[in-house]
Amino acid sequence: MADIDTLEAELTKRITGKKPIGKTIAFAIKEQGTLRIDGVSDPVSVARSEDDADATITISADDLEGLLNGTVNGQSLMMTGRAKMKGNPMVAMKLRELLL
């Protein structure tokens, strides 16, 4: 089972050196806390934060891990209800720019 520390480290590794996207995105990880990507600041950063974000994705730690390692499709997570989004859906689309 994935934990928030491992996920924070993986997100940090992936966003290092990426250009800001002008938005914030949060992952509300069920029963573990929230990781917020600040895509406004330069450098882009990840932190545990309950601050508001332009888009918030509620997801389990295991599903987020699968999304990051490519074994789970984000669209299928949304369609099956395993992930839920609040906020601007266009911001979630920009997430690819940061994570790939």
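The lining of the largest pocket in this predicted model draws on several elements: β4, α2, α3 and α4 each supply at least two residues. The largest share of that lining, 6 residues, belongs to α4. In total, 20 residues line the pocket, and those lying nearest its centre are L67, G74, Q75, A92 and R96. Sorted by class, the lining comprises 15 nonpolar, 3 polar and 2 charged residues. The volume of this largest pocket is about 600 Å³.

One of the elements that contribute to the pocket lining, helix α2, spans residues 61-69. Which of its residues are buried? They are A61, D63, L64, G66 and L68. In an α-helix, residues three or four places apart point the same way, because each turn takes 3.6 residues. The cover over the buried residues of α2 is provided by both helices and strands, including α1 (4-15), β1 (24-29), β4 (55-59), α3 (74-79) and α4 (89-99). After α2 comes G70, whose phi is positive, near 85 degrees.

The strands β1 and β4, which help to cover α2, lead to the sheet. Here 5 strands are arranged as an open sheet in the order β3-β2-β1-β4-β5, with mixed pairing. Why is one side of β3 and of β5 left without a neighbour in the sheet? Both strands, β3 and β5 (84-87), stand at the edges and each has a single partner strand, so one side of each remains without a neighbour in the sheet. From one strand to the next, the twist averages 20 degrees. Helix α1 packs on this sheet, where it touches β1, β2 and β3. The direction of α1 makes about 165 degrees with that of β3.

Within the sheet, the pairings can be followed strand by strand. Strands β1 and β2 run antiparallel and are joined by 6 bridges. One pair across these strands is A28 with T34, the latter being the bridge partner in β2. The two strands form a hairpin with 3 residues between them, and in its turn E31 has a positive phi of about 65 degrees.

Strand β2 (residues 33-38) is mostly covered, with 5 of its 6 residues buried. Besides β1, it is joined to β3 (residues 45-48), to which it runs antiparallel, through 4 bridges. Two residue pairs illustrate this register: L35 stands opposite R48 in β3, and D38 has S45 of β3 as its bridge partner. The connection from β2 to β3 is again a hairpin, this one through 6 residues.

At the other end of the strand order, β4 and β5 pair over 4 bridges in the antiparallel sense. There, A55 has G87 in β5 as its bridge partner. Strand β4 also returns the description to its starting point, since β4 supplies at least two residues of the lining of the largest pocket and is among the elements that cover the buried residues of α2.

Notes. Residues are numbered from 1 along each chain as its sequence is written. This is a predicted model: local features need pLDDT of at least 70, side-chain atom pairs count only at pLDDT 80 or more; totals for chains, interfaces and linings use all residues. Side-chain values use heavy atoms; hydrogens and water are left out. Buried means under 20% relative accessible area, exposed over 50%, partly exposed in between (1.4 Å probe, protein chains only). Contact means heavy atoms within 4.5 Å. On a 1 Å grid over the protein atoms alone, a cavity is a set of points where a 1.4 Å probe fits but cannot get out, and a pocket is an open set with protein on both sides within 12 Å along at least five of seven lines; lining residues have an atom within 4 Å of a point. Grid points are joined across faces, edges and corners, and a volume is the space filled by probe spheres set on the points. Ala, Val, Leu, Ile, Met, Phe, Trp, Tyr, Cys and Pro count as nonpolar, Asp, Glu, Lys and Arg as charged, and the others, Gly among them, as polar. Two strands pair if DSSP finds at least two bridges between them. Axes are lines fitted to C-alpha atoms, for helices over the stretch in contact, and angles run from 0 to 180 degrees between N-to-C directions.
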